[in-house]
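Please open the structure in a viewer and keep the selection tool at hand. The stops below proceed from strand pairing to individual residues.

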Amino acid sequence: MQPFVRRAVSALVFTALASASIVHAAFVPLDQQRSVSISGSITLVDSMGGDPVVASQSFQQATAVGDFGLFDAEVGLGTLVLDHPEGSASGNGRAAQRSSVTATTLAFDGVADVFVSGFANGASELFGSGGAASRFSLRFDVTEAVRVYLAMNSEIGPRANDYTFRLAREDGTVVWDQTELFDDNGPVRRFVQVLDLAPGVHTLDAALTASSFFSGDFNSSGRVLATFSLRPVPEADTATVLGAGLAGLALLATRRRQRERISPCQVRNAG
């Protein structure tokens, strides 16, 4: 490689790598609340008129006020059991979340899953319910207009389960509040949307809620999974810029070599 080409390539690579290391801050976190919770309750009403027998559990984990670090938490129903001569029941499930809040990325990965079931003997009445939730709430500032990618993916079970998402300005103007799009084949729950955020304070609230209930022969379970991320759209693709620059340098080097192949004699004859 010719010295001038080598120097040019080195300078181009250095510039591309330097530009790739520049990350433009888009979000200024102001306050947040993130939590996971799960609960379950089972009740047996004895046909003989005795006092109801109740088994219940409830667990929760939440971030501290002002804690914008990684939140990685899980709670579960592991030992919810009612065992009685007149009937038996149990519950299981979990609520989990892994979320992060930085100046360049807001990310969430959560699940709410719960199931409570049982059966009664004779005329006794046995019923129960359970609920699980994973919640994300953030208030942040946008110092200058920015275009962002919203990437979302979710899976929602039947019956009383839900996934809600709402990104809005502080004055209540909704920027985005859909968790699914639609095409000719029906709902699409995995998609990427480009959004424009204006300067100012915004709020982002998301929640996964699942529930389960049983009574007699009826039984339902709950399960919701979802991920989302919000990231600024890159101003330029460094690899594309680098590739175009190297292609231009290669063409320049080829033309220079072609000129150098012309001998002095050829030059005189051409004259």
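Two strands are said to pair if DSSP finds at least two bridges between them. Helices (H or I, at least four residues) and strands (E, at least two) are themselves DSSP runs, numbered from the N terminus.

**Conventions**

This is a predicted model, in which local features need pLDDT of at least 70, side-chain atom pairs count only at pLDDT 80 or more, and totals for chains, interfaces and linings use all residues. Residues are numbered from 1 along each chain as its sequence is written, and side-chain values use heavy atoms, with hydrogens and water left out.

**Whole chain**

Begin with the complete protein, which contains three helices and 14 strands. Colour it by pLDDT, the predictor's confidence in each residue, from 0 to 100. The mean for the protein is 83, and 77% of its residues reach 70 or more. Among the elements, strand S9 (residues 174–176) has the highest mean pLDDT, 98, while helix H1 (residues 3–20) has the lowest, 45. Select residues 4–23 next: their pLDDT is below 50, and the stretch has 18 contacts in the model beyond near neighbours in sequence. Contact here means heavy atoms within 4.5 Å. Among contacts between residues at least 6 apart in sequence, 75% join residues at least 24 apart.

**Strands S3, S4, S5 and S14**

Select S3 (71–84) together with S4 (residues 87–101); these strands run antiparallel and are joined by 12 bridges. They form a hairpin with two residues between them. At this hairpin, His84 stands opposite Gly87 in S4.

Add S5 (residues 106–120), which pairs with S4 in the antiparallel sense over 15 bridges. Four residues link S4 to S5 in another hairpin. Two bridge pairs can be displayed here: Arg94 with Asp113 in S5, and Asn92 with Phe115 in S5.

Which strand pairs with S5 over 10 bridges? It is S14 (residues 218–232), again in the antiparallel sense. Leu106 has Leu230 in S14 as its bridge partner.

**The nonpolar core**

Now select Phe140, Phe165, Leu204 and Phe228, which touch the most other members of the 47-residue largest nonpolar core. Such a core is a set of buried Ala, Val, Leu, Ile, Met, Phe, Trp, Tyr and Cys residues joined through side-chain atoms within 4.5 Å. Buried means under 20% relative accessible area, exposed over 50%, and partly exposed in between (1.4 Å probe, protein chains only). Buried residues make up 32% of the 271 residues in the protein.

Centre the view on Leu204. Not counting residues up to four places away in sequence, Leu204 touches Phe140, Phe165 and Phe228, as well as others including Leu106 and Leu230.

**Ala151**

Move to Ala151 in strand S7 (residues 146–156). Ala151 counts as partly exposed because its relative accessibility is 27%. Beyond four places in sequence, the contacts of Ala151 are Phe191, Val192, Thr227, Phe228 and Ser229. A distance label from the C-alpha atom of Ala151 to that of Val194, 43 residues apart along the chain, should read 8.8 Å.

**Thr63**

Finish at Thr63, in the loop between strand S2 (53–62) and strand S3. Is Thr63 buried or exposed? Thr63 counts as buried, because its relative accessibility is 9%. Its side chain makes a polar contact of 2.9 Å with that of Gln32; the term denotes a pair of N or O atoms within 3.5 Å, where, within protein, one must be able to donate a hydrogen and the other to accept it, and residues adjacent in sequence count only if both atoms are side-chain atoms. Leaving aside neighbours within four places in sequence, Thr63 is in contact with Gln32, Gln33, Arg34 and Phe71.
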